[in-house]
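These are my notes from a session with one structure, kept in the order in which I looked things up. I began with a single residue and worked outward from there.

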Amino acid sequence: MKQIQMTKNPSFSLISTKKIIQMNDVWTSYDSKNYALEKINMSIDRGTNYAIVGQSGSGKSTLLKLMNGMMIPSKGIIKVDYMTPNIKDKKFKNMMHSIGYIPQSLGLVKNITVLENILLGALPRLNQFQSLFNKFPESETQEAKKILKQVGLSGKEDRKAYMLSGGEKRRVAIARALMQHPTILLADEIVSELDHVTAREIMDLISEAQKRMNLTAIMVHHDIHLALEYANRVAVIKEGAKILEIGVEGESIVDFQTGDMTRDEIMEMYADDSKK
Ligand SMILES: Nc1ncnc2c1ncn2[C@@H]1O[C@H](COP(=O)(O)OP(=O)(O)O)[C@@H](O)[C@H]1O
Ligand SMILES: [Mg+2]
């Protein structure tokens, strides 16, 4: 197998319009004693279907929270579309609306309907009066209905979110994120608890939307198999440090740092231990 170049640390003096996310030597901590992430360098091209893989506790969710500004680094620089993510920063608010973040818990409102949950994605576009009274213009309702169909929830618009199956709940969370008109989609272990068939349906749905809308999709998984199957690029994190970045094209791994390993060996090493 040919030896391939490692991903170089991004240089911020040479910011490329191609890059939507750049992390340079990023460290972060929850308690100012231990680092949850150490020395992360990451550079993600616009329009990539990107996967982050690692075992439980390796820092995957923390990485997504850094990208949407819910956490800020202790050291290092992050740029998301040229901006430094921080939810407390008013300037970042507009950018945040274009980041569709789906937390592992999905964050659906249980007692409202599927359509109402999807419409929440349009909230940032409403004026003060409209958002105070949840008065969605007809155009937004029509769009929500269109997205509802696209994600395969036809006929379920009036169903309360708590009545849905695991797969359907994920479809609602994806639809709500798409309703935001995102440029970036962050999904935290969205298929982890699903059976194999449903997991694939959800992955197909996201991949299709990613291509159609030219989104940058960044998905966290704890199992490398789906990541290798769907992503263009896979970063593997172990104990808070990025140890590997793999480019995937169709069936073949096109580059990775330890160029003498086979795809099967990588799968074996980095597959989720709990499933072995
Ligand atoms: N709210 C928190 N407070 C303190 N430590 C946390 C918190 N969330 C995560 N951590 C710690 O940070 C590390 C990375 O966690 P996380 O990003 O949730 O991992 P993953 O998503 O890969 O399971 C773990 O050691 C975890 O215990
Ligand atoms: Mg997590």
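In which loop does I87 lie? I found I87 in the loop between β4 and α2 (90-97); I keep in mind throughout that this is a predicted model.

I then asked whether I87 is buried or exposed. I counted 14 C-beta neighbours inside 10 Å, and because a buried residue needs 20 or more and an exposed one has 12 or fewer, I87 counts as partly exposed. Leaving out residues up to four places away in sequence, I see I87 touching G69, M70, F92 and M96. I also noted the pair I87 and N68, which are 19 residues apart in sequence and 7.5 Å apart in space, C-alpha to C-alpha.

G69 led me to the helix before this stretch, since G69 comes just after α1 and takes a positive phi of about 85°. Helix α1 covers residues 60-67, and I find 8 of its 8 residues buried, namely K60, S61, T62, L63, L64, K65, L66 and M67.

Next I looked at what α1 packs on. I see an open sheet of 3 strands in the order β2-β1-β4, with antiparallel pairing. β2 (35-45) and β4 (75-80) stand at its edges with a single partner strand each, so one side of each is left without a neighbour in the sheet. On average, neighbouring strands of this sheet are turned by 15° against each other, direction ignored. Helix α1 packs on the sheet and touches β1, β2 and β4, its direction making about 120° with that of β1. For the pairing itself, I noted that β1 (residues 19-29) and β4 are joined in the antiparallel sense over 5 bridges, and that N24 stands opposite I77 in β4.

I turned to ligand 1 and listed the residues that surround it: Y30, D31, A36, G54, S56, G57, S58, G59, K60, S61 and T62. Which element gives the most to this shell? It is α1, with 3 residues. Sorted by class, I have 2 nonpolar, 7 polar and 2 charged residues in the shell.

I then checked for positive phi angles in residues other than glycine. K39 has a positive phi of about 50° although it is not a glycine; K39 lies in strand β2 and, with 16 C-beta neighbours inside 10 Å, counts as partly exposed. For N214, also not a glycine, I read a phi near 50°. I place N214 in the loop between α7 (196-212) and β7 (216-221), where its 9 C-beta neighbours inside 10 Å make it count as exposed.

For the interior, I looked up the largest nonpolar core, which has 71 residues, and noted I118, L148, A175, L186, I218, A227 and V234 as those with the most contacts inside it. Helix α6 (residues 166-179) gives the most to this core, with 7 residues. Setting aside neighbours within four places in sequence, I find A175 in contact with I118, I147, L148, V151 and L153.

I closed with the whole protein, in which I count 9 helices and 10 strands. Buried residues make up 38% of its 276 residues, and among contacts between residues at least 6 apart in sequence, 68% join residues at least 24 apart.

How values were computed:
Residues numbered from 1 in each chain as written. Chains lettered and ligands numbered in written order. Predicted model: local features only at pLDDT ≥ 70, side-chain atom pairs only at ≥ 80, totals over all residues. Helix = DSSP H or I, 4+ residues; strand = E, 2+ residues; numbered from the N terminus. Contact = placed C-beta atoms within 7 Å. Pairing = 2+ DSSP bridges. Axes fitted to C-alpha atoms, helices over the stretch in contact; angles between N-to-C directions. Near = placed C-beta within 6 Å. Nonpolar A, V, L, I, M, F, W, Y, C, P; charged D, E, K, R; others polar. Core = buried A, V, L, I, M, F, W, Y, C linked by C-beta atoms within 7 Å.
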